[in-house]
Amino acid sequence: MTKYATLMAVVLTLVAAAAVAATDDAFDKAERAWREGRVKRLTSPVGWLTVVGLDWLQPGENVVGSDASCAVRLPAGKAPARVGVLVLDAGVVRLKPVAGSGLMIGGKPAAEQVLGDDMSETTDVVTLGDLSFFVIKRGDRYGVRVKDTASQARANFKGLDYFPADPKWQVSAKFVPYDAPRKVQIATVLGTTEIMEAPGLVTFSVDGKELSLEPVIEDPKNPSLWFIFKDATSAKETYQAGRFLYADMPKDGKVVVDFNQAYNPPCAFTPYATCPLPPKKNWLPIRVEAGEKAFAGATHEGR
């Protein structure tokens with residue numbers, strides 16, 4: 001080999017090494033940014049660490065307050081014994097606040113009004129100091145979720161644990177669309193089922209093993225592929241009920257499924273969530289050693 005050829009071989013090797021290093025750096029940077037965003041969302045004033053209560057409404061009057069007899073319990077020491085009544089009638093929830101209760105809606109003192117639930121175009125959030133509550137709808141049931149920006153879980157949060165980020169788990173997958181989107185039943189921790197839309201299957205290979213997942217569309221107005229799955233690490237290194245993962249909609253029949261961004265459902269952080277559970281076809285028979293590990297800092301404070 002001539003000196004020129006040797007020099008060119010060295011140059012090409014260095015260029016290739018630089019390209020690999022740049023790719024690795026971009027991957028690491030993207031994964032760090034995703035994790036930082038995940039923590040920011042989780043610990044925000046409206047994040048899941050602030051959830052301290054969930055009570056289901058009965059038809060008729062449901063008293064709201066900190067007294068133990070209230071149908072909707074607010075944390076003791078942070079709210080009066082009684083702040084108002086929520087009246088459930090034919091799928092409509094009306095707030096009747098007690099005079100001088102301190103309840104606010106949209107920065108103004110709350111007056112008697114119908115409250116939009118979390119499935120409505122507008123969700124009406126009622127606030128009282130650090131506390132807030134709003135109506136949720138699950139099937140034909142209506143409940144009230146209570147949040148506290150000063151919750152112990154949020155104040156004592158020590159971070160999340162992850163498997164090391166690995167490009168192996170950033171999988172290029174094939175999207176196999178159904179002839180028409182299918183309505184699928186997704187079980188929940190409440191023992192109920194939700195009907196969601198599945199647009200097709202996503203197929204991929206890990207260590208030579210052919211696998212598939214069926215994503216659903218959570219928000220048709222802003223569609224993305226939502227994977228609710230579990231794997232052989234579930235109930236061991238990762239949360240027992242499985243994990244969540246989002247991916248962009250298919251492009252030219254391809255989907256990038258980044259298991260490094262798999263994360264725990266809200267139920268890992270609070271007993272007052274209503275999480276969906278992975279359907280059997282989304283139980284992967286492999287260990288997905290990527291993404292978020294089980295949360296070790298759960299604190300279920302009482303009311």
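Leaving aside neighbours within four places in sequence, Ser 101 is in contact with Pro 80, Val 83 and Leu 128, where contact means heavy atoms within 4.5 Å. Ser 101 sits in the loop between strand S5 (92-97) and strand S6 (104-105). Helices (H or I, at least four residues) and strands (E, at least two) are DSSP runs, numbered from the N terminus. Is Ser 101 buried or exposed? Its relative accessibility is 11%, so Ser 101 counts as buried; the cut-offs are under 20% relative accessible area for buried, over 50% for exposed, and partly exposed in between, with a 1.4 Å probe and protein chains only. The side chain of Ser 101 also reaches the backbone nitrogen of Leu 103, at 3.2 Å.

Before going further, a word on what you are looking at. This is a predicted model, in which local features need pLDDT of at least 70 and side-chain atom pairs count only at pLDDT 80 or more, while totals for chains, interfaces and linings use all residues. Residues are numbered from 1 along each chain as its sequence is written, and side-chain values use heavy atoms, with hydrogens and water left out. The pLDDT is the predictor's confidence in each residue, from 0 to 100. Here the chain averages 93, and 91% of the residues score at least 70. Over residues 15-19, the pLDDT is below 50, and this stretch has 0 contacts in the model beyond near neighbours in sequence.

Now step back to the whole chain. It has 2 helices and 18 strands, and its C-alpha atoms fill a box of roughly 95 × 45 × 35 Å along the principal axes. Of the 303 residues in the chain, 43% are buried. Among contacts between residues at least 6 apart in sequence, 56% join residues at least 24 apart. The accessible surface comes to about 15900 Å², and 54% of it belongs to carbon and sulfur atoms; these areas come from the Shrake-Rupley method with a 1.4 Å probe, and for residues only the protein chains shown count as cover.

Next, find the open sheet of 5 strands, whose order is S3-S2-S4-S5-S8 with mixed pairing. Two strands pair if DSSP finds at least two bridges between them. Strand S3 (72-73) and strand S8 (113-114) stand at the edges with a single partner strand each, so one side of each has no neighbour in the sheet. Further in, strand S2 (residues 60-65) and strand S4 (residues 84-89) run antiparallel and are joined by 5 bridges. Along this pair, Val 64 stands opposite Gly 84 in S4. Following the chain onward, you meet Ala 90 in the loop between S4 and S5. Ala 90 has a positive phi of about 55 degrees although it is not a glycine, and at 77% relative accessibility it counts as exposed.

Strand S12 (residues 170-187) is a good next stop, and Val 176 lies in it. Val 176 counts as partly exposed because its relative accessibility is 35%. Not counting residues up to four places away in sequence, Val 176 touches Gly 200, Leu 201 and Thr 203. Val 176 and Glu 214 are 38 residues apart in sequence, yet 9.8 Å apart in space, C-alpha to C-alpha. Pro 177 is also in S12. Outside its neighbours within four places in sequence, Pro 177 is in contact with Pro 199 and Gly 200. From Pro 177 to Leu 201 is 24 residues in sequence and 6.3 Å in space, C-alpha to C-alpha.

Strand S13 and strand S14 (residues 209-213) pair in the antiparallel sense over 5 bridges, and Thr 203 stands opposite Ser 212 in S14. The hairpin of S13 and S14 has 2 residues between the strands, and Asp 207 takes a positive phi near 50 degrees there.

Finally, look inside. The largest nonpolar core has 24 residues, and those with the most contacts inside it are Leu 160, Val 216 and Phe 269. Helix H1 (3-42), S12, strand S13 (193-206) and strand S16 (225-229) each supply at least two residues of this core. The largest share, 3 residues, comes from S12. A nonpolar core is a set of buried Ala, Val, Leu, Ile, Met, Phe, Trp, Tyr and Cys residues joined through side-chain atoms within 4.5 Å.

Terms used. A polar contact is a pair of N or O atoms within 3.5 Å; within protein, one must be able to donate a hydrogen and the other to accept it, and residues adjacent in sequence count only if both atoms are side-chain atoms.
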